[in-house]
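Hi everyone, thanks for making time this morning. I'd like to walk you through one protein model, so please have the picture up while I talk.

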Amino acid sequence: MSKNGIPVDRKSDLKKPAEVFETQVPAPSALVGSRHIVTLMLFFGMANAYVMRTNMSVAIVAMVNHTSITESKEPVLNECEKESAHENAGNDTSTLANHDGEFHWDSTMQGYLLSSFFYGYVITQIPFGILAKRYGSKYFLGIGMLINSMFGLLVPVSARAGYHWLMIVRFIQGLGEGPIVPCTHAMLAKWIPPNERSRMGAFVYAGAQFGTVISMPLSGVLSRHGFDGGWPSIFYVFGAVGTVWCVAFLLMIYEDPESHPRIAEDEKKYILSALWGNAGASSPPVPWFSIVTSLPFWAILIAHMGQNYGYETLMTELPTFMKQILNFDIESNGTVSALPTWPCGYSPC
């Protein structure tokens with residue numbers, strides 16, 4: 001049509017926002033912006049997730065009557081038995097170190113109970129990763145963790161109601177925690193520019209080690225000195241803290257910069273200009289064949305699976321090993337069991 005006709009002008013007006021995304025906008029002047037608040041909340045969310053995941057590992061040591069299961073059918077080799085017998089002779093702390101819980105669960109039952117969380121956790125990760133890309137990640141993440149935290153409050157009640165009730169509660173907790181990793185990825189992709197993503201992402205996922213380091217020692221202290229018999233206070237305290245985080249996350253955090261009503265305009269333009277591909281261009285098809293035939297992909301996959309298997313097994317079983325084999329009391333157990341996670345918080349682990 002005409003060189004400068006009206007339809008052409010209207011078309012250019014419609015494309016005007018997209019041109020902003022294609023232009024490199026300088027970083028905002030404010031030291032702390034909305035994207036930093038999102039990153040901090042995701043850090044605490046990751047910490048909360050790992051608290052819920054690992055607190056049972058310490059709590060089960062205080063919950064189980066180890067004397068009854070070893071005397072009945074499960075002889076346990078105690079490497080520190082001879083030394084502890086001499087050290088604890090006439091020592092008041094020996095009664096505390098050998099204090100047993102109220103549940104008669106053998107090693108097999110303990111194994112199924114500890115793994116029930118992960119059965120639920122593995123089910124929801126991939127589906128919610130797909131759903132987060134299509135429908136957004138805020139509510140999947142926030143409500144999922146709210147379910148995890150609220151069912152954490154039900155652990156003491158379900159344990160006293162019966163072994164299988166407790167397994168069901170832990171399984172549901174795992175279902176609720178499943179969206180945390182894929183939804184965190186999705187939120188970082190929407191909020192963090194590529195040139196900041198490695199730094200912000202490392203900070204967020206350091207929350208996993210932070211949560212473990214906080215959870216295990218504090219669980220040991222609560223098992224010894226907490227209310228309602230000690231170990232139930234672990235789940236009441238962490239469940240309440242997790243619920244508060246979920247409510248704060250749902251109220252304070254928004255799906256993306258465009259939906260945030262209080263974000264600074266210069267920060268909004270800075271983020272959207274860096275993420276212009278998400279604003280208008282459609283995603284290219286996933287190159288599945290290239291992925292499955294890529295040797296670096298399989299190397300990363302196998303290495304990551306091995307690292308996760310070793311880390312989760314260590315964090316799940318180490319407190320029981322410390323109790324049954326090395327004869328640590330519950331308070332020291334939590335502190336010592338958390339030590340392997342300290343280097344992971346300051347290294348590529």
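I'll go from the overall make-up to one helix, and then on to a few single residues.

First, please keep in mind that this is a predicted model. What kind of secondary structure does the protein have? The count comes to 19 helices and zero strands. The protein has 349 residues, and buried ones make up 44% of them. If you take the contacts with a separation of 6 or more, 83% of them involve residues 24 or more positions apart. As for the outside, the protein exposes about 18800 Å², and carbon and sulfur atoms supply 67% of that.

Now for the record. An unreviewed UniProt entry carries the annotation "transmembrane region" for residues 112–132, 139–159, 202–222, 234–254 and 286–305. Let's look at two of those spans in the model. Residues 112–132 are 100% helix, and their end C-alpha atoms lie 30 Å apart. Residues 286–305 are 80% helix and 0% strand, with end C-alpha atoms 22 Å apart.

Let's stay with helix H7, which runs over residues 107–135. H7 has 29 residues and reaches 42 Å from its first C-alpha to its last, close to the 42 Å expected at 1.5 Å a residue. Where is the kink in H7 centred? On Ser115, and the kink is about 30 degrees. Ser115 is also one of the buried residues of H7, a list that includes Leu113, Leu114, Ser116 and Phe117. Gly120, Tyr121, Thr124 and Ala132 are among the buried ones too.

Both ends of H7 are worth a look. At the N-terminal end, Asp106 acts as a cap, with a side-chain oxygen 3.2 Å from the backbone nitrogen of Thr108. After the helix comes Gly136, with a positive phi near 100 degrees.

Next is helix H10, residues 163–177. H10 has 15 residues and reaches 21 Å from its first C-alpha to its last, close to the 21 Å expected. Its buried residues include Tyr163, Leu166, Met167 and Val169, and also Arg170, Gln173 and Glu177. What covers them? The cover includes H3, H7, helix H8 (138–152), helix H9 (155–161) and helix H11 (180–191).

That brings us to helix H3, residues 34–63. Asn48 lies in H3, and is Asn48 buried or exposed? Asn48 has a relative accessible area of 7%, so this residue counts as buried. Leaving aside neighbours within four places in sequence, Asn48 is in contact with Met145, Ser149, Phe238, Gly242 and Trp245. Ser34 lies in H3 as well. Its relative accessible area is 12%, under the 20% cut-off, and therefore Ser34 is buried too. Not counting residues up to four places away in sequence, Ser34 touches Trp191, His260, Ile263 and Glu267.

Ser149 came up a moment ago, and it has another partner to mention. Ala240, found in helix H13 (residues 231–252), is 91 residues from Ser149 in sequence, but the two are 7.2 Å apart in space, C-alpha to C-alpha. Ala240 itself is partly exposed, at 37% relative accessibility.

Ala240 also turns up in the contacts of Leu153, which touches Phe235, Tyr236, Gly239, Ala240 and Thr243, again not counting residues up to four places away in sequence. Leu153 sits in the loop between H8 and H9, and is partly exposed, with a relative accessible area of 28%. From Leu153 to Phe238 is 85 residues in sequence and 8.2 Å in space, C-alpha to C-alpha.

Last, two loop residues with a positive phi. Asp228 lies in the loop between helix H12 (194–225) and H13, and has a phi of about 55 degrees although it is not a glycine. Asn327, also a residue other than glycine, has a phi near 60 degrees, and its place is in the loop between helix H17 (295–324) and helix H18 (330–338). Which of these counts as buried? At 16% relative accessibility, Asn327 does, whereas Asp228 is partly exposed at 37%.

That's my tour; thanks for listening, and I'm happy to turn the model around for anyone who wants another view.

Terms used. Residues are numbered from 1 along each chain as its sequence is written. This is a predicted model: local features need pLDDT of at least 70, side-chain atom pairs count only at pLDDT 80 or more; totals for chains, interfaces and linings use all residues. Side-chain values use heavy atoms; hydrogens and water are left out. UniProt positions are given in the numbering used here, feature names are shortened, and annotations may be inferred rather than shown by experiment. Helices (H or I, at least four residues) and strands (E, at least two) are DSSP runs, numbered from the N terminus. The expected span of a helix is 1.5 Å times one less than its number of residues. The bend at a residue is the angle between axes fitted to the seven residues ending there and the seven starting there. Buried means under 20% relative accessible area, exposed over 50%, partly exposed in between (1.4 Å probe, protein chains only). A polar contact is a pair of N or O atoms within 3.5 Å; within protein, one must be able to donate a hydrogen and the other to accept it, and residues adjacent in sequence count only if both atoms are side-chain atoms. Contact means heavy atoms within 4.5 Å. Accessible areas come from the Shrake-Rupley method with a 1.4 Å probe; for residues, only the protein chains shown count as cover.
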